[in-house]
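Reader: I should like to learn how the packing and the empty space of a protein model are to be read. May we work through one example together?

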Amino acid sequence: MKNLLYLVIPFLLFSCASKESINNNSESYHPIPNKEVRFNYVNSNSFISHKYLNKTESKIGNNYLVLQVSYSWGKTVENLYRSDNGNIMYYDKKSNSDNLIMPKDPKVGFTWYNNDKSWEYEIVDLNANLETPTNKYSKLLVMRATQIANRDSVKLKEYLNYYQIGIGQIASFGNGKLMTYRL
């Protein structure tokens with residue numbers, strides 16, 4: 001019985017700690033959703049769903065929460081996220097590196113690159129308004145993501161991603177048009 005406790009207690013502690021490894025904070029632009037989140041594509045029946053799985057994965061010496069991204073056309077991928085002192089980090093499988101995806105205290109004009117310099121990110125607004133087909137939002141953070149190395153040929157050159165404190169991502173724009181929005 002004592003040996004079983006030595007196995008179970010560390011697992012429970014790690015499991016509980018791993019839930020906090022992203023950010024379950026209502027003051028974060030990238031909190032952990034406690035349910036599946038769905039994003040619809042504009043003018044289409046297509047959608048994407050995001051769901052944090054109850055598992056972690058270890059890469060390059062860090063533990064990450066696993067986010068399952070499922071597309072309505074059948075494709076499913078797993079993305080890895082963790083918190084580093086409140087900064088949200090993303091594990092990039094193509095470059096095998098840890099990359100900043102959301103700063104702890106975002107400021108307009110703050111710019112950063114992912115580790116292989118293929119994407120540039122910039123906080124362009126902290127007080128944006130947006131109306132989607134399902135809701136009106138205010139006080140949104142807007143992040144511009146610009147592909148600078150053409151590494152991901154199927155992706156657009158630039159995206160604008162909208163986030164709300166305590167909720168997370170709300171919508172994405174590409175080519176100046178709303179592409180996806182949160183239901």
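Author: Let us begin with a single residue of this predicted model. L141 touches Y29, M102, P106, I123, D125, L126, N161, Y162 and Y163, leaving aside residues up to four places away in sequence.

Reader: To which larger group does L141 belong, and which residues touch the most other members of the largest nonpolar core?

Author: The general idea is that nonpolar side chains tend to be buried together in soluble globular proteins. Here, the largest nonpolar core has 22 residues, and M102, Y121, L141 and M143 touch the most other members. At least two residues of this core come from each of strand 2 (47-59), strand 3 (62-71), strand 5 (87-92), strand 6 (97-102), strand 8, strand 9 (136-147) and strand 10 (158-164). Another core, of eleven residues, lies apart from it and includes Y137, L140, Y162 and I170.

Reader: How many helices and strands does the chain have?

Author: The chain has one helix and twelve strands. Read from the N terminus, the order of its elements is α-β-β-β-β-β-β-β-β-β-β-β-β. Of the 183 residues in the chain, 40% are buried. Among contacts with a separation of 6 or more, 36% join residues 24 or more positions apart.

Reader: How is empty space to be read, and what volume does the largest pocket have?

Author: Rolling a probe the size of a water molecule over the atoms shows where empty space is left. In this model, the largest pocket has a volume of about 1500 Å³. Its lining comprises 46 residues, of which Y71, N79, Y81, Y90 and K155 are the closest to its centre. Strand 4 (residues 76-84) gives the most to this lining, with four residues. By class, the lining residues of the largest pocket are 26 nonpolar, eleven polar and nine charged.

Reader: Let us turn to a polar residue. Is N114 buried or exposed?

Author: N114 has a relative accessible area of 4%; because buried means under 20%, N114 counts as buried. N114 is located in the loop between strand 7 (111-113) and strand 8 (119-131).

Reader: Which polar contact does the side chain of N114 make with another side chain?

Author: The side chain of N114 makes a polar contact with that of D116, at 3.1 Å. In addition, a polar atom of the N114 side chain lies 3.0 Å from the backbone nitrogen of W119. Not counting residues up to four places away in sequence, N114 touches D92, N99, W119, Y121 and R151. Y121 thus links the two parts of our discussion: Y121 touches N114, and Y121 is also among the residues that touch the most other members of the largest nonpolar core.

Key. Residues are numbered from 1 along each chain as its sequence is written. This is a predicted model: local features need pLDDT of at least 70, side-chain atom pairs count only at pLDDT 80 or more; totals for chains, interfaces and linings use all residues. Side-chain values use heavy atoms; hydrogens and water are left out. On a 1 Å grid over the protein atoms alone, a cavity is a set of points where a 1.4 Å probe fits but cannot get out, and a pocket is an open set with protein on both sides within 12 Å along at least five of seven lines; lining residues have an atom within 4 Å of a point. Grid points are joined across faces, edges and corners, and a volume is the space filled by probe spheres set on the points. Ala, Val, Leu, Ile, Met, Phe, Trp, Tyr, Cys and Pro count as nonpolar, Asp, Glu, Lys and Arg as charged, and the others, Gly among them, as polar. Buried means under 20% relative accessible area, exposed over 50%, partly exposed in between (1.4 Å probe, protein chains only). A polar contact is a pair of N or O atoms within 3.5 Å; within protein, one must be able to donate a hydrogen and the other to accept it, and residues adjacent in sequence count only if both atoms are side-chain atoms. Contact means heavy atoms within 4.5 Å. A nonpolar core is a set of buried Ala, Val, Leu, Ile, Met, Phe, Trp, Tyr and Cys residues joined through side-chain atoms within 4.5 Å.
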